[in-house]
Structure formats: C-alpha cells, structure tokens
Amino acid sequence: MLTLFPLEELAKDAGIELQNPKEGFRGVTFAIIVNTPEEVDVVMEKVKEAGGKVLREPSDAFWGGRTSYFADPENNIWEVAWNPSAIFDERGAMIEF
C-alpha cells in the first residue's frame with residue numbers, strides 16, 4: 001500500500017530532523033504492520049538486538065494504534081505499527097486503514 005504523508009509531519013512523527021536529503025532523512029519510510037500492539041514492542045526488541053538504531057521507542061499513537069521507528073544500516077527509516085482499524089485481504093495485504 002502506498003500512502004502519502006506531508007514531509008514535515010512524517011519527520012515529526014518519526015522523531016527526526018529534516019536535513020539535506022542526500023545525507024539524512026530522504027522523506028520516505030517503510031512500514032511493518034503487525035497484528036497486535038504487543039508485537040510492536042517485540043519487533044523493536046529484535047531491532048535493538050540486531051544493532052538497529054531506534055529513533056522512536058514504542059508508544060501509543062494519537063490515532064489509536066501503537067507505533068515505533070528505527071533506521072536500518074543504510075539509514076532507511078522504518079515504522080513498526082499496529083493499527084486497530086486496519087483491514088486485510090485473504091493474502092494478508094492491508095487494503096484499508
């Protein structure tokens with residue numbers, strides 16, 4: 001699923017500062033959507049164990065879900081989130097949130 005979000009708001013949500021796009025945050029994030037709020041914490045513990053850089057610790061989101069952010073070794077930004085209103089198809093693809 002492709003979702004567009006204002007750059008400044010995305011950076012604020014991830015807990016990072018906007019910088020030169022060639023050196024820092026490039027305005028793109030990837031998301032891992034999990035099935036329960038507890039899974040956000042479990043995934044982030046695995047990220048920490050693997051040496052990932054946590055940008056935002058798991059927390060309850062204003063929109064009713066749970067979210068966290070990390071940077072991979074290439075400095076790509078990932079969100080780990082649980083969305084209570086997400087709807088998935090029979091293959092497990094999110095089709096609505």
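This is a short walk through a few strands and the aromatic rings that sit on them.

The model is predicted, so local features are given only where pLDDT is at least 70 and side-chain atom pairs only at pLDDT 80 or more, while totals for chains, interfaces and linings use all residues. Residues are numbered from 1 along each chain as its sequence is written, and side-chain values use heavy atoms, with hydrogens and water left out.

Let's begin with the strands. Helices (H or I, at least four residues) and strands (E, at least two) are DSSP runs, numbered from the N terminus. Two strands count as paired if DSSP finds at least two bridges between them. Strand 3 (residues 66-71) runs antiparallel to strand 4, and six bridges join them. One of the partnerships here is that of Ala 71 with Ile 77 in strand 4. Strand 3 and strand 4 form a hairpin with five residues between them, and in the turn Asn 75 has a positive phi of about 65°.

On to strand 1, which pairs with strand 4 in the parallel sense over five bridges. A handy residue to follow is Ala 31, which lies in strand 1 and has Glu 79 as its bridge partner in strand 4. Leaving aside neighbours within four places in sequence, Ala 31 is in contact (heavy atoms within 4.5 Å) with Trp 78 and Glu 79. The C-alpha atoms of Ala 31 and Ser 68 are separated by 9.9 Å, with their positions 37 residues apart along the chain. At 46% relative accessibility, Ala 31 counts as partly exposed; buried means under 20% relative accessible area, exposed over 50%, and partly exposed in between (1.4 Å probe, protein chains only).

Now for the rings. A pair of aromatic rings is described by the distance of the centres and the angle of the planes. Rings of Phe, Tyr and Trp (its six-membered ring) pair if their centres lie within 6.5 Å; planes under 30 degrees apart are stacked, over 60 edge-to-face, and the rest tilted. By this rule there are two aromatic pairs. Phe 30 and Trp 78 have ring centres 5.0 Å apart and planes at 35°, so this pair is tilted. Because Phe 30 lies in strand 1 (residues 29-33) and Trp 78 in strand 4 (residues 77-82), the pair ties together parts that are 48 residues apart in sequence. Phe 70 and Trp 78 form a stacked pair, 6.2 Å centre to centre with 5° between the planes.

How buried or exposed are these residues? Phe 70 counts as buried at 9% relative accessibility, whereas Phe 30 at 38% is partly exposed, as is Trp 78 at 24%. Ring pairs link Phe 30, Phe 70 and Trp 78 into a cluster.
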